[in-house]
Amino acid sequence: MSEWDEHGNVGLVVGATRPAELERVREIAPDLPFLVPGVGAQGGDVEAAVEHGRAADGVGVVNSTRGIIFAGEDDENWDRIAGEAAKRLRDRLNEYR
Ligand SMILES: O=c1ccn([C@@H]2O[C@H](COP(=O)(O)O)[C@@H](O)[C@H]2O)c(=O)[nH]1
């Protein structure tokens with residue numbers, strides 16, 4: 001798969017909701033950067049996102065959208081609650097680094 005990256009501008013979106021497939025794609029493409037969604041509202045595997053989401057150089061991006069932006073949906077302190085949700089996810093991700 002890495003031979004597709006002849007210009008050094010290829011990355012893959014690989015969800016954390018199917019950790020076995022995420023691991024397999026990482027085996028196939030050890031050097032490509034991954035964007036790994038699915039660790040928030042979709043209940044994906046945070047440990048797999050960290051373990052297999054990072055390329056050989058240690059770089060990877062894990063995304064959560066609804067789990068953060070809607071965390072305080074009906075609360076006047078929605079901004080603080082969203083920030084707390086982001087920090088909780090950060091801390092969970094860091095448990096596996
Ligand atoms: O395989 C994929 C590809 C794209 N997505 C997108 O990522 C975000 C995830 O949002 P959450 O609210 O954290 O679930 C969303 O825009 C999806 O369309 C994906 O989830 N899986």
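How many strands form the open sheet, and in what order do they come? Three strands make up the sheet, arranged β1-β2-β3 with parallel pairing. Please keep in mind that this is a predicted model. Besides the sheet, there is a ligand to look at, with V13, P37, Q42, N63, S64, T65 and R66 around it.

**The sheet**

- The order β1-β2-β3 describes an open sheet, and its edges are taken by β1 (12-13) and β3 (61-62), each having a single partner strand, so one side of each is left without a neighbour in the sheet.
- In general, strands of a sheet pair through backbone hydrogen bonds, in either a parallel or an antiparallel way.
- Here, β1 runs parallel to β2 (residues 34-36), and two bridges join these strands.
- Opposite L35 in β2 you will find V13, a residue that is also among those surrounding the ligand.

**Polar contacts of the ligand**

- Q42 places an N or O atom of its side chain 2.7 Å from an oxygen atom of the ligand.
- R66 also uses its side chain: one of its polar atoms there lies 2.7 Å from a ligand oxygen.
- T65, in turn, offers a polar backbone atom, which is 2.8 Å from an oxygen atom of the ligand.
- On its own the ligand has 470 Å² of accessible area, and the protein covers 56% of this.

**Make-up of the shell**

- Sorted by residue class, the shell around the ligand holds two nonpolar residues, four polar ones and one charged one.
- Members of this shell include P37, N63 and S64.

Methods: Residues numbered from 1 in each chain as written. Predicted model: local features only at pLDDT ≥ 70, side-chain atom pairs only at ≥ 80, totals over all residues. Heavy atoms only, no water. Near = heavy atom within 4 Å. Polar contact = N/O pair within 3.5 Å; in protein donor to acceptor, adjacent residues only side chain to side chain. Areas by Shrake-Rupley, 256 points an atom, 1.4 Å probe, with all protein chains shown as cover. Nonpolar A, V, L, I, M, F, W, Y, C, P; charged D, E, K, R; others polar. Pairing = 2+ DSSP bridges. Helix = DSSP H or I, 4+ residues; strand = E, 2+ residues; numbered from the N terminus.
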